[in-house]
Amino acid sequence: MPIAINGNGTVTGLAVGGLPDGTVDRDTLATLAKGSILQVVSTTKSDRSSFSSETFADIPGLSASITPTSSSNKIFIMANIYTSKGSNVDRINFVRDSTNIAQPSGSPTHPATVMGYASSTLNMRQRSMSFLDTPGDTNAHTYKIQICGSNAGTIWVNRYNSSDDYYGISTLTLMEVVG
């Protein structure tokens, strides 16, 4: 069947797979459907870190940079972190560049998640968090995960609190989503 471009802008006579590879790609499309994933950036932390501070500190190895292609696009952040602590609580925070994000309403200084530990609980816990961020520009942004504790005690990332024989693997994944 011959290919025809109709007066109303439709094309007929084109079978699925009828164009050579590379004829139409993402760059030649005028717009992408909202919710489409344009790029994925991920990092994996397989080593261990310890923290004893009551103020937020970056977790080494859990940061990644991404540059949105449009100011209306969003960045979907997913994190999976293994932590342990002898007692009290530890807190996890998402940061874009130097700005805290994923904050509870009316509380710009509190973290997105808090994990409590009983003094007899020394096991490693998996923490999964996600957040859809709207940076509102096309600048490169570095997203990172921070951690801090309350009261005394060491917080471990990717390590069982009472033994150096058990480990975890933590990840941070960023996805640009068409807005």
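1. In this predicted model, Ile-66 stands opposite His-141, a residue of strand β11. The two strands to look at here are β5, which covers residues 57–66, and β11, and they pair in the antiparallel sense over six bridges. Strand β11 itself runs over residues 141–149 and is mostly covered, since eight of its nine residues are buried.

2. A side-chain link also joins these two strands, for Asp-58 and Lys-144 meet in a salt bridge with an N to O distance of 3.2 Å. This pair connects distant parts of the chain, with Asp-58 in strand β5 and Lys-144 in strand β11, 86 residues apart. Asp-58 has a relative accessible area of 35%, and it is therefore classed as partly exposed, because that class lies between the limits of 20% and 50%.

3. How many salt bridges does the count come to? The total is three, and a general remark may help in reading them: side chains of opposite charge can pair when their charged atoms come close. Besides the link between Asp-58 and Lys-144, there is one between Lys-45 and Asp-47, whose closest N and O atoms are 2.9 Å apart, and one between Arg-96 and Asp-133, given as 2.6 Å from N to O.

4. The salt bridge of Arg-96 and Asp-133 deserves a careful look, as the pair links distant parts of the chain, Arg-96 being in strand β7 and Asp-133 in strand β10 (residues 125–133), 37 residues apart. Are these two residues buried or exposed? Both Arg-96 and Asp-133 are buried, and for Arg-96 the relative accessibility is 15%, so this residue counts as buried because the limit for that class is under 20%.

5. The surroundings of Arg-96 can be described further, leaving aside residues up to four places away in sequence: Arg-96 touches Ile-101, Asp-133, Thr-134, Pro-135, His-141, Thr-142 and Tyr-143. One of these contacts, His-141, is the residue that stands opposite Ile-66, while another, Asp-133, is the salt-bridge partner of Arg-96.

6. In the salt bridge between Lys-45 and Asp-47, the cover of each residue should be read separately. Lys-45 has a relative accessibility of 1% and so counts as buried, whereas Asp-47, at 42%, counts as partly exposed.

7. Two backbone angles should be checked by eye, bearing in mind that most residues other than glycine have a negative phi. Asp-97 has a positive phi of about 55° although it is not a glycine, and Asn-158, also a residue other than glycine, has a positive phi near 65°. Where does Asp-97 lie? Asp-97 is in the loop between β7 (88–96) and β8 (99–101), while Asn-158 is found in the loop between β12 (155–157) and β13 (170–177). As for their cover, Asp-97 is partly exposed, with a relative accessible area of 31%, but Asn-158 is at 0% relative accessibility and so counts as buried.

8. Finally, there is a nonpolar patch on the surface, with an area of about 410 Å², and the residues that make it are Ile-3, Ile-5, Val-11 and Leu-14. Ile-3 belongs to the segment before β1 (4–5). With a relative accessible area of 55%, Ile-3 is exposed, because the limit for that class is over 50%.

Methods:
Residues are numbered from 1 along each chain as its sequence is written. This is a predicted model: local features need pLDDT of at least 70, side-chain atom pairs count only at pLDDT 80 or more; totals for chains, interfaces and linings use all residues. Side-chain values use heavy atoms; hydrogens and water are left out. Patches are made of residues with over 30% relative accessible area and no salt bridge: like charges are joined within 9 Å, nonpolar side chains (Val, Leu, Ile, Met, Phe, Trp, Tyr) within 5 Å. Accessible areas come from the Shrake-Rupley method with a 1.4 Å probe; for residues, only the protein chains shown count as cover. A salt bridge is a side-chain nitrogen of Lys or Arg within 4 Å of a carboxyl oxygen of Asp or Glu. Helices (H or I, at least four residues) and strands (E, at least two) are DSSP runs, numbered from the N terminus. Buried means under 20% relative accessible area, exposed over 50%, partly exposed in between (1.4 Å probe, protein chains only). Contact means heavy atoms within 4.5 Å. Two strands pair if DSSP finds at least two bridges between them.
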